[in-house]
Structure formats: structure tokens, C-alpha cells
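Q: Please take a close look at the ligand sites in this model. Walk me through what lines them and what sits around them.

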Amino acid sequence: MSTFLYKADPVRGRQWAEIFAREQPDLEFRIWPDIGDPEKVRYLAAWVPPDDLEQRLPNLQVVFSTGAGIDQFDLSAIPAEVPLVRMIEPGIVDGMVEYAVFSVLALHRDMPAYRRQQAQALWHPLQVRAAHERRIGVLGLGSLGQSLLERLRLFGFDCAGWARSQRSIEGVTCFAGAQSLDAFLARTDILVCLLPLTEETRGMLGSRLFNALPRGAGLVHVGRGQHLNAADLIAALDTGQLGEAILDVTHPEPLPADHLLWRHPKVWITPHIASVTRPDTAAMAVLDNIRRFEHGEPLIGLVDRARGY
Ligand code: NDP
Ligand code: OXD
């Protein structure tokens, strides 16, 4: 019998185990560090994989990321012939859509400003803008960015998105490639970052990008902490170039208690909870990919190592 090895949160792992036992009883499910016979491990699902992957698990055939992002993997440590698959499952999409819609609506309806006003017992209505007058821009039009835009459109926002390749999404103005980034930013009042972290996107959320946005724009950052230059963000908030920022990801994580971002009046921080993989739907998505692999069919979420996502 081959083994499926799970190396992430053990509580959720036990939920995965129940689903595997029900759906694929001929595959032994083990939770790290109880790996059994390493020669029998064909599949690994991990948030962070073990060191010495090749030596430790010599018969590994597929690595699954338990998250949508794969930047925490050292791609050079995974044998070239072993596919790496990122997580695409309905639970992660639903969670992200909820969080990002909440954040966009909070900025659209000035909730951070009202929180500050409440702290001073200040009753002061701010001017309301209609949704169609608010331009939302989403960086990254993958499974999460597209699902978010489909939902934001329903509020009547003026929606746009930016990706590497030209995309077509009903009701959304799509921009592609570095040459169109400034045009996309110039029409964005609330920017949502849903990019993967790669060599091209690291540090992208910095002064240059902030200065290309309309003055007072809002930022919702749900990508990765290393997309963001925190000093540039603070400077942009202090000059008013940016109005507010909602950050779910930081660098490092956890954010140290003495970091300036914690106390900045125009920053809301959550501890990387925008979206988490849901055990029931994630286990089913991985089982479907195992079936695909065993039938020689294309894997859903296969990482392109050259692109880095
Ligand atoms: P996908 O791989 O499906 O989509 C990535 C998108 O980014 C694609 O549209 C891609 O363009 C675009 N992109 C990548 N590189 C560039 C570039 N250099 N220039 C322009 N566009 C680029 O990812 P997901 O939608 O599944 O997830 C996105 C990210 O969200 C994850 O990598 C992770 O960092 C973050 N995340 C955060 C979570 C949280 O809780 N905070 C939870 C889950 C994910 P193209 O379409 O042309 O390929
Ligand atoms: C992910 C995450 O990438 O939770 O799935 O950040």
C-alpha cells in the first residue's frame, strides 16, 4: 500500500485522514512526523516541506501545497520530475472573497475613519460615494482575483484587474503586463493585492507604485508580506498619498510587537487569516488530483517552476 504523507496543522490533518479513509481506503494516510516506511510515501501535502526531501522520501511522485501560495517551498529541493501542485479548492476561494469584499466595503464606506472618529466621540458624517464612482483594481487575476472581481462587480463598483497575461472577465477592464501597470494604477481608488510572491513581484508595493495611484487611494494587501515595503507604505500614509491600508500579511510573520505598522492610525492588521484551506474541500481537491495523476490527466494547479507560481 502506498502512503500519503500530510505535514501541516495536525488538527486539520485528522479531518483530512477521515476523508481519505472514506474516499480512498487503499491509500495509507499518515501525519508528519509519523511517516512510517519512507519508501512507501508517494504523495506529500505540506505547508512547509521537510528538509532533504529527495533523500528522505526517495519514491515521492507528487508534492501538494496545502496553501494557494507556494513561495514557502524551495523549488530547487524538489526533484525536477516531481510535480508541485498549489491548492485550488472552493473553501480557500470563499474565505478570500469574504475577507476582501469586507475590506473593500470597509474602505469604500470609510469605516477606518469612523473608528478613529468614535475614539474621539466625534459625530461627523463623511461624504458617501456611490459604488459606480469607486474604481477597484485587483493585482492578480488567478483563481482568487477572478472570484473576487466577480463578486465586487455585483455591488456596481467600477472594476479592473491586472495580470501577466491578457485575461477576459465580464464587466472587468483587464490590463496585462508591466507596460500597462501605470494605466491600471492611475484608475484605481482601492487596490487589492492578490499576486503570488515571485522574484518579479517581491517588493512591488512600494513608493513607485503608490505614487502611480490617485492621491488618497486605499490598499488591501492579502498577497504576501514580502510584496510590501513597509517603510514606503508608512511614508505614503503619512503624506496622504495613500488613505488607508488593510494588511493581512506582513514580513516577518508574526509582526514583532514593536513594529511601527501595529500602531499606525491608518493601518488595520489581521494575522494572515484572510483565507485558510478548508479540510473537507481541500482533501477532495487533492484526491481528485491524485486520480488525475494516476490516469495521466493534467493536474489542477500545477506550478510552473519557471514562472514561480
Ligand atoms: P494564481 O496563481 O491562480 O494567480 C496568480 C495571478 O497573479 C495570475 O493572474 C498571474 O497572471 C498574476 N501574476 C503573477 N505574476 C505576475 C506578474 N509578474 N505580473 C503580473 N501578474 C502576475 O494564484 P491565486 O489566485 O490562487 O493566489 C494568489 C495569491 O494569494 C497566492 O499566491 C498567495 O500569495 C495569496 N494568498 C493569500 C492568502 C491569505 O490568507 N492571505 C490565502 C491564499 C492565497 P497570469 O494570469 O497571467 O498567470
Ligand atoms: C495560502 C495562504 O497561500 O494561506 O493559502 O496564505
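A: What follows covers the two ligand sites, then the domains and some backbone details.

This is a predicted model, where local features need pLDDT of at least 70, side-chain atom pairs count only at pLDDT 80 or more, and totals for chains, interfaces and linings use all residues. Residues are numbered from 1 along each chain as its sequence is written, chains are lettered from A and ligands numbered from 1 in the order in which they are written, and side-chain values use heavy atoms, with hydrogens and water left out.

Start with ligand 1. Its shell holds 29 residues. A residue belongs to such a shell if one of its heavy atoms lies within 4 Å of the ligand. The closest are Arg86, Leu141, Ser165, Arg167 and Tyr309. By type, the shell around ligand 1 has 13 nonpolar, 9 polar and 7 charged residues. Here Ala, Val, Leu, Ile, Met, Phe, Trp, Tyr, Cys and Pro count as nonpolar, Asp, Glu, Lys and Arg as charged, and the others, Gly among them, as polar.

Three side chains make polar contacts with oxygen atoms of ligand 1. A polar contact is a pair of N or O atoms within 3.5 Å; within protein, one must be able to donate a hydrogen and the other to accept it, and residues adjacent in sequence count only if both atoms are side-chain atoms. For Ser165 the distance is 2.5 Å. For Tyr309 it is 2.6 Å. For Ser143 it is 3.0 Å. The protein covers 95% of the 930 Å² of accessible area that ligand 1 has on its own. Accessible areas come from the Shrake-Rupley method with a 1.4 Å probe; for residues, only the protein chains shown count as cover.

Which elements supply the shell around ligand 1? α5 (143-153) and β7 (158-163) each give at least two residues. Helices (H or I, at least four residues) and strands (E, at least two) are DSSP runs, numbered from the N terminus. Domain 1 (3-89 + 277-294) and domain 2 (93-269) each contribute at least three residues to this shell. The domain bounds come from an automatic or database domain assignment.

Now the domains themselves. Their centres, taken over C-alpha atoms, are 33 Å apart. Contact (heavy atoms within 4.5 Å) links 9 residues of domain 1 with 6 residues of domain 2. The two domains bury about 450 Å² between them, 42% of it on carbon and sulfur atoms. Buried area is the accessible area (1.4 Å probe) that two parts lose on being put together, summed over both. On the domain 1 side, Asp71, Ile88 and Glu89 lose the most area to domain 2, together 62% of what that side buries.

Ligand 2 comes next. Around it are Trp47, Gly67, Ala68, Gly69, Ile92, Arg224, His272 and Ser275. They divide into 3 nonpolar, 4 polar and 1 charged. Oxygen atoms of ligand 2 again find polar partners. The side chain of His272 has an N or O atom at 2.6 Å. A polar side-chain atom of Arg224 lies at 2.7 Å. Gly69 uses a backbone N or O atom, at 2.8 Å. The protein covers 85% of the 210 Å² of accessible area that ligand 2 has on its own.

Gln72 ties in here. It is found in the loop between β4 (62-65) and β5 (84-85). A polar atom of its side chain lies 3.2 Å from the backbone oxygen of Gly69. Gln72 also touches Trp47, Val48, Ser65 and Arg224, not counting residues up to four places away in sequence.

Last, the backbone. Most residues other than glycine have a negative phi, and most peptide bonds are trans. The bond joining Trp32 and Pro33 is cis, with omega about 10 degrees. Pro33 is in the loop between β2 (28-31) and β3 (41-46). The bond from His251 to Pro252 is also cis, with omega near 0 degrees. Asp110 has a positive phi, near 60 degrees. Asp110 lies in the loop between α3 (90-108) and α4 (111-119).
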